[in-house]
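Me: I have a chain in front of me and would like to talk through its fold with you. Could we go step by step?

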Amino acid sequence: MRNFSIKGFLSRVLVPALLLPVLVSCGGKVRIDGTVKDALSSEVIVKLLDVNQFNVLDTVSTDAGGHFSYKMDIEKGQPQFVYLFYKDTRIASLLLEKGDKVSVETDTAGVFTVSGSAESVKLAQVEKDFSEFSASFTSLAAKLDSADPDSDEAAGLRKEMGRSYTEYYRSRVKYVMENPYSLTVVPVFYQTIGSLPVFGQDTDAIHFRNISDSLRTVYPDSKYVKALKSEADRRSKLLELRVRLQGAEEVNFPDIELSDVNARKVRLSEVDSKVVMLHFWTSTDAMQKMFNLDVLKPVYEDYHKKGFEIYQVALDTDKAGWARTVKNQGLEWINVCDVLGANSAAARTYNVSALPVSFFISEGELVDAQVTDEASLRRLLEKLL
C-alpha cells in the first residue's frame, strides 16, 4: 500500500498488533471475485492493457465450482484496463479504480456480466454495442461479397452498410461527448471494423482533442490519457495540414519553404512573378559568387520589372558566412539558405547532384531550359517574357 503510513498511524493511535494485517489489506487493493461457468478447476489469465499491448499479470486457478478470487494494487488516479482470458479467449473486460470490489459472472465464450464497478459496467456496454454493430456489419459485407457487384441487391447492401456505419459512428460521437471524463471513451476511439476505423475522419481530431483535454483534468498521470493526447496531437497536425493544402493554390512543381537573411520564411509557390529562376548554389565557391555579379545582377536589373524573379537557395552549413556574402554582393532577389547543406530536402526534391544548377518556372509550370551563361539566360527570358 503506497498511500497509507503504518508508522504515522501508530504514532497517533495505539492499535493492537493483531489488527495490523487487516489495516494493511484494506487499503488500495482491488478485489475481483468471479465465476467461469464452464471452466471448473481450470485457470483464468489476468492481463493488463499497457496502452497498445496486453501484459500478463497473473494466472488464477478456479475451484470445482468455477470460482476464483484475485487482488491487485492500483494507484489512486490511475485506473487500469484489466482483462480476463480463458486460454486465448477474452472472457471479461474491466476498468478498475483503487478500492474497487467487483464480481464477474462469465463463460468461456466471453458472455459476461459485472457489478461493483460503475466504469466496468459502462465498459461492458461499450463492448456489447460494438459487438452487435460488428456482427451486423460483417454479415452485410459477407452478403455483398457473394452478390453480383452490378446488381440492385449489391447496391442495396452497400447502401445498408453505409447507413449502418453512419448510425454507429454517430452513436459513438454521442457517447464520447456525453462521457468526457470517463476512460471508457478511450477504447471507443480506437474501434475498427475490419480495416475501417470508426473514428477515421480528419475532423475526428477535434473529438480526440476535446476528450483528451477533459480527461487530463481528472487523470493527469494516466498512461492511457497520455497516449490519447499524443494521438490527438498527431491528428490535429494532420487536420491542420489538410486545411492548409485545401486552401493552397495548386502548383505543378515541388514547393520549397526556407528562411531568408532576415529569418523570414519564404515559400517558392508564393513568389508572384511570371518567370521564376530557382537557383541552387553555395557561397563558399568563388566562381559561383562571380556568377552572381557577372550574370545574375545585370540580367535581374533588366528583366525584374518585366516579371522576372530569382529564388536562390544556398546549400551552406555556415549560415552567417552566406548572409555576409548576400549583403556584401547586394543581391536584391530572394535569397534563402538550407543549413543542412548536402542533406537538404529541397536539393533532394529537385535531384540536385552538383552546384550550381537552375530550374525555371513560367506561369506556374516547370519549363525545360538549359542556361549556362548570360546570353543563354537572356534568350530564355526574351522567349518566356
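**Overall shape and fold**

Reply: Happy to! A compact globule of 385 residues would have a radius of gyration near 21 Å, whereas the protein chain has 33 Å. Please keep in mind that this is a predicted model.

Me: What does the C-alpha trace of the protein chain span along its principal axes?
Reply: The radius of gyration of 33 Å is set against a value near 21 Å for a compact globule of 385 residues. Along the principal axes, the C-alpha trace spans about 100 × 75 × 35 Å.

Me: How many helices and strands does the protein chain have?
Reply: Of the 385 residues, 42% count as buried. Residues 24 or more positions apart make up 60% of the contacts with a separation of 6 or more. The secondary structure comes to eleven helices and 17 strands.

Me: How far apart do the centres of the positive and negative side chains lie?
Reply: The accessible surface comes to about 21400 Å², and 51% of that belongs to carbon and sulfur atoms. As for charge, there are 47 positive and 54 negative side chains. The centres of these two sets lie 7 Å apart.

**Around β6**

Me: Which residue stands opposite L84 in β6?
Reply: Strand β5 (residues 80-86) pairs with β6 in the antiparallel sense over seven bridges. The two form a hairpin with two residues between them, and K87 in the turn has a positive phi of about 55 degrees. Within this pairing, the residue opposite L84 is A92.

Me: Why is β6 described as largely enclosed by the rest of the structure?
Reply: L96 is found in this strand, which covers residues 89-96, and L96 is buried. The strand as a whole is largely enclosed because, of its eight residues, the number buried is six.

Me: Is L96 buried or exposed, and what is its relative accessible area?
Reply: Leaving aside neighbours within four places in sequence, L96 is in contact with V30, I32, I74, P79, Q80, V82, V102, S117 and S120. One of these, S117, is 21 residues away in sequence and 7.0 Å away in space, C-alpha to C-alpha. Buried means under 20% relative accessible area. L96 is therefore buried, with a relative accessible area of 0%.

**β13, β16 and β17**

Me: Which residue in β16 does V276 stand opposite?
Reply: Strand β13 (residues 275-281) and strand β16 (residues 357-362) pair in the antiparallel sense over six bridges. In that pairing, V276 stands opposite I361.

Me: What is the bridge partner of F360 in β17?
Reply: β16 also pairs with strand β17 (residues 365-367), in the antiparallel sense and over three bridges. Their hairpin has two residues between the strands, and E363 takes a positive phi near 55 degrees there. The bridge partner of F360 is V367.

Me: Which residue does a cis peptide bond join to L355?
Reply: The residue in question is found in the loop between α10 (345-349) and β16. Omega for this bond is about -5 degrees. The partner of L355 is P356.

**Helices α9 and α11**

Me: What covers the buried residues of α9?
Reply: In helix α9 (residues 319-329), the buried residues are G321, W322, A323, T325, V326 and Q329. Just after this helix, G330 takes a positive phi of about 65 degrees. The cover includes β11 (257-260), β13, α8 (286-303), β14 (308-314) and β15 (334-337).

Me: Which residues does L381 touch, not counting residues up to four places away in sequence?
Reply: L381 is found in helix α11 (residues 374-384) and counts as buried at 0% relative accessibility. Its C-alpha atom is separated by 9.9 Å from that of F360, 21 residues away along the chain. The residues L381 touches are V275, V299, Y303 and F308.

**Two loop residues with positive phi**

Me: Is S41 buried or exposed?
Reply: S41 lies in the loop between β1 (29-36) and β2 (43-49). This residue has a positive phi of about 50 degrees although it is not a glycine. Exposed means over 50% relative accessible area. With 55%, S41 is therefore exposed.

Me: What is the relative accessible area of A263?
Reply: A263 is in the loop between β11 and β12 (265-267). A263 is not a glycine, yet has a positive phi of about 65 degrees. A263 is exposed, with a relative accessible area of 58%.

Technical notes
Residues numbered from 1 in each chain as written. Predicted model: local features only at pLDDT ≥ 70, side-chain atom pairs only at ≥ 80, totals over all residues. Heavy atoms only, no water. Helix = DSSP H or I, 4+ residues; strand = E, 2+ residues; numbered from the N terminus. Rg over C-alpha atoms; globule rule 2.2 N^0.38 Å. Buried < 20%, exposed > 50% of the residue type's maximum accessible area, 1.4 Å probe, protein only. Contact = heavy atoms within 4.5 Å. Areas by Shrake-Rupley, 256 points an atom, 1.4 Å probe, with all protein chains shown as cover. Lys, Arg positive; Asp, Glu negative; His and termini not counted. Charge placed at Lys NZ, Arg CZ, Asp CG, Glu CD. Pairing = 2+ DSSP bridges.
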